[in-house]
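Grab a viewer and work through these exercises with me. Each one sets a task and then walks through a solution.

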Amino acid sequence: MRYSEFVDVYEALSATTKKLEKIEILAEFLIKIKEHPKWIYLLRGRVLPDYDEREFGISGQLSIKAIARASGVKPEKVVERFKKLGDLGNVAEELVGKKKQGTLFSKNLEVQKVFDNLEKLVSIEGKGAVDKKLNLIVELLTSADGKGAKYIIRTLLNDLRVGVADALLRDAISRAFFAENKEMVLRIEEAYDKANDFAEIFEKAVKGKAELMKIDIMPGRPLKVMLPVKVTDVDEAFRICGKRVAVEHKYDGFRVLINKDSKGRISLFTRKLDNVTKQFPDIVEVVRKYVRGRDFILDSEVVGFDPKTKEYKPFEAISQRIRRKYDIEKLRKVLPVEINVFDIIYYNGKSEIEKSFLGRRKLLERVIKQSAWKIRPATQIITDEKKEVMEFYHEALRIGEEGIMVKRLDAPYRPGRRVGYIVKMKPEVKDLDLVIIGGEYGTGKRAGGLTSFIVACRGENGKFLEVGKVSSGLKEKEGSEGTTYAELNKILQPLIIGETKEYVKIKPKAVVSVTYQNIQPSPRYSSGFALRFPRITHYRPERGKHDIATIEEIKLEFKRGHNNQRGIG
Ligand code: AMP
């Protein structure tokens, strides 16, 4: 198949915002490419399943070089057009397109060729990597037409902008192979939550329902975690979880899914599905020593503590361990961690997700050999007394935890779901996880670096909607706990994909927690809302764009604030 057929689909998808039209376009196209399940990744600008975090690793700079080479102009000319158009995809379309007009050219770029080169880009490392990458991109651009070049560049920069979110792809698969049967939409959703791989879902869906139903969780492959809903008091918690519940501390650390596969290999994944095994050899050792079982998946919160005073440290203190790729041995000594295991999802060759939480907890207590400051089942009580829950809550806060988690005893585990099987209760702080999608350069003291950041929430169809500009909260100097302006700049630099005079556009990847005073309507930002007095409290390396607040949550928070204000007034 020619790549131009993909380009036509991209164009058709971006020409409509209507969900049903998008589903129709996708469903029709899926039938055409059903012999090539992996091509489904291309519809979202990727060549790997969602759980594989490897990237093309192409910067704006490298794209500029590639466009220059492929279109036979000087890089300065590309930069000049980039400043004017603000989007490298459009620059590629213009310049590569112009070159092609002057030559005898037939559209001969094959999809498989695009896929192969993109796949190579992902795995190239080491010496000469940049040149090799450049060659692979130039090879594609020179055999593409203008429009093809646009989408190749956008794919490389993770900025495809055709609006193909998970839900849309799911509905399209269902429409293409199961005549849009409602039950099958659910089955596809469940299968996806277990596999995190659309190619696998697509391949099995083509073969029929029975094959699709065989997809199951597997140790060693990252899995989306189950998430809680928020409550404001114990009555609400009881209402959602039942009268007799399990209550646990809400630890202020970070979520780790601990996997041991049947070959005995241990791997650790964050909530964002990043593999952090290398960063935490201490966790691997402890798990090997203190957890029984041939293979398993444990769900846990890893918390840092001070090795001298044995006091827990806030998340921000250990967040550097997640990012750090060197000095790991040194870091594990100064920033040791304790593993609080609160769930078991798979054990000795069997998925445990349909078992009740109570049953899973019993299993978990059997397989973990508790060891102080190393590993333990999460502190838990089982009760139907409001008073006891409140005492437990205050005790959790007293020792510096974030609050409590209340859990339904008879509930199964639902990967990837924010269902009412778990609720969280913590003191009311107004904070939201948001993703940075733009920035502005500072003047004066911090001139040169980005000092203001445009933050966004999640809208429909994989879109990001701005909710404000935040320029405070980060640290000026290194040394103290917390992220500095310089560090965040370093993280954002390779993510810059567009630039006008005063504004840079940033790939939506870096997640930050932001506190604010209240939310107000605002025509300035694409969500229609703005956070007042926002401050960045944490950079969140372990969270991804799927973890951020949705527009529905922003609306809800706005309503809450509004009602409160009216109540007071
Ligand atoms: P939040 O990020 O505020 O929505 O809270 C959900 C997070 O709380 C989970 O992703 C876990 O990382 C964390 N957490 C801490 N303690 C627990 C616990 N006992 N059970 C489940 N999740 C917990």
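**Exercise 1.** Place Gln 380 in its secondary structure and work out which residues it meets.

*Solution.* Start with the backbone: Gln 380 lies in strand S9. Keep in mind that this is a predicted model. Next, look at the side chain of Gln 380, which makes a polar contact with the side chain of Glu 248 at 3.0 Å. Finally, list the neighbours, skipping residues up to four places away in sequence: Gln 380 touches Ala 246, Val 247, Glu 248, Phe 357, Arg 361 and Phe 392.

**Exercise 2.** Find out how S9 is joined to S2, and in which direction the two run.

*Solution.* In general, strands of a sheet pair through backbone hydrogen bonds, either parallel or antiparallel. Here, S2 and S9 run antiparallel and are joined by 4 bridges. For one facing pair, take Ala 246, which stands opposite Ile 382 in S9.

**Exercise 3.** Zoom out and give the strand order of the sheet, then explain what sets S1 and S9 apart.

*Solution.* Step one is the order: S1-S11-S10-S2-S9, an open sheet of 5 strands with mixed pairing. Step two is the edges: S1 and S9 (380–383) each have a single partner strand, so one side of each has no neighbour in the sheet. Step three is the twist: ignoring direction, neighbouring strands are turned by 40° against each other on average. Now add the helix: H13 (residues 234–241) lies across S1, S2, S9, S10 and S11, and runs at about 160° to S11.

**Exercise 4.** Describe the ligand's surroundings, from single contacts up to the whole shell.

*Solution.* Begin with the count: 16 residues surround the ligand, and the closest are Glu 248, Arg 255, Glu 301, Lys 407 and Lys 424. Then check the polar atoms:

- Glu 248 has a polar side-chain atom 2.9 Å from a ligand nitrogen.
- Lys 250 puts a polar side-chain atom 3.2 Å from a ligand oxygen.
- Arg 255 has a side-chain N or O atom 2.9 Å from an oxygen of the ligand.

What about cover? On its own the ligand has 500 Å² of accessible area, and the protein covers 95% of that. Which elements give two or more residues to the shell? They are S1 (227–230), S2 (245–250), S10 (403–408) and S11 (418–425). S2 gives the most, with 3 residues. Last, sort the shell by chemistry: 10 residues are charged, 5 nonpolar and 1 polar.

Definitions and conventions. Residues numbered from 1 in each chain as written. Predicted model: local features only at pLDDT ≥ 70, side-chain atom pairs only at ≥ 80, totals over all residues. Heavy atoms only, no water. Near = heavy atom within 4 Å. Polar contact = N/O pair within 3.5 Å; in protein donor to acceptor, adjacent residues only side chain to side chain. Areas by Shrake-Rupley, 256 points an atom, 1.4 Å probe, with all protein chains shown as cover. Nonpolar A, V, L, I, M, F, W, Y, C, P; charged D, E, K, R; others polar. Pairing = 2+ DSSP bridges. Axes fitted to C-alpha atoms, helices over the stretch in contact; angles between N-to-C directions. Contact = heavy atoms within 4.5 Å.
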